[in-house]
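User: I would like a close look at one part of this model, with the criteria stated.

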Amino acid sequence: MIQIEIDSGSGFCFGVTAAIKKAEEELASGKKLYCLGDIVHNGMELERLHDRGLITIDHEQLRQLHDVKVLLRAHGEPPETYEIARRNGIEIIDATCPVVLQLQRRIKRQYEASLPEGKTETDPSAQLVIFGKNGHAEVLGLVGQTSSHAIVIESMDDVDKLDFSRDIYLYSQTTKNLHEFRRVIDYIQDHISPDATFKSFDTICRQVANRMPHIAEFAVRHDLILFVSGKKSSNGKVLFNECLRVNANSHLIGSPDGIDLRWLEGVKTVGICGATSTPKWLMEECRDYILRSVGQGE
């Protein structure tokens, strides 16, 4: 008999949970609701919400809308988005994650403090650096707080973008890897000019960061790991690679359809886990599919 465990630490983070709850509350009223970008990087959950009436739009489509309701997802948005909404009479349902919102405010304050006196929207005296993924929705929102003057570095390979003779203020996208962030900090500390100031701010969300050691512990306990995640999830890719690092018999799937029953041969225990964008109900569907397939379902 195969034993299946669903990881209790997997599934939506509180920011995504809150955004989906807000969407469901608005949709329950029967009114039309738009969402700027995918509310969550999971195709199955998107399909469920679209069936309930949620309409996903991009920034170009936002510019064409007037007098409607638009939900901003947990990733956050740059100031320009709010200005477009104001001009077009759009009511914003703001579901920006509180952790992201706090980070936006910190970066905005630092940017304004770094501007030459009496100047606005110009090059700051210090370099504001964001350790994050270029083009990611959260990072675009963070860069927007600096009138696009922030420097984005994705990895150690990008540190040569920095001028070590000038002041550096380093922040991180909330979902980045804590170990990599510390490596970047160490490198800058080793290379910064003694005449320049360097300050780093650990802005990584611990609810996400703590999943790395947790999911590694979970993955080593099972013969087979099924990691359920959408292809667009950056967090999903990082967590799956951690599973693969500790358990070579790990497979990335998007739904029960991705399960190859041959993987179950000789397996006694199966662990099912996922990203911060993976709904619990989808992991449960994967479990139920296996149980039915091996004759252990109801």
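How many bridges join strand 4 to strand 5, and in which direction do the two strands run?

Analyst: The model is predicted, so local features need pLDDT of at least 70 and side-chain atom pairs count only at pLDDT 80 or more, whereas totals for chains, interfaces and linings use all residues. Residues are numbered from 1 along each chain as its sequence is written, and side-chain values use heavy atoms, with hydrogens and water left out.

Strand 4 (residues 69-72) and strand 5 (residues 91-94) run parallel and are joined by four bridges. Strands are DSSP runs (E, at least two residues), numbered from the N terminus; two of them pair if DSSP finds at least two bridges between them. Within this pair, valine 70 of strand 4 stands opposite isoleucine 92 in strand 5.

Strand 4 is also joined to strand 2, by three bridges, and these two run parallel. Here valine 70 is the residue opposite tyrosine 34. Strand 2 (residues 33-36) is in turn linked to strand 3 (residues 54-57) through four bridges, again in parallel, with leucine 36 opposite isoleucine 57.

In a regular strand, side chains alternate between the two faces of the sheet. For strand 4, Lys69 and Leu71 lie on one side and Val70 and Leu72 on the other, and all are buried (under 20% relative accessible area, with a 1.4 Å probe and protein chains only). Strand 2 is likewise covered on both faces: Leu33 and Cys35 are buried on one side, Tyr34 and Leu36 on the other.

Key: Buried means under 20% relative accessible area, exposed over 50%, partly exposed in between (1.4 Å probe, protein chains only).
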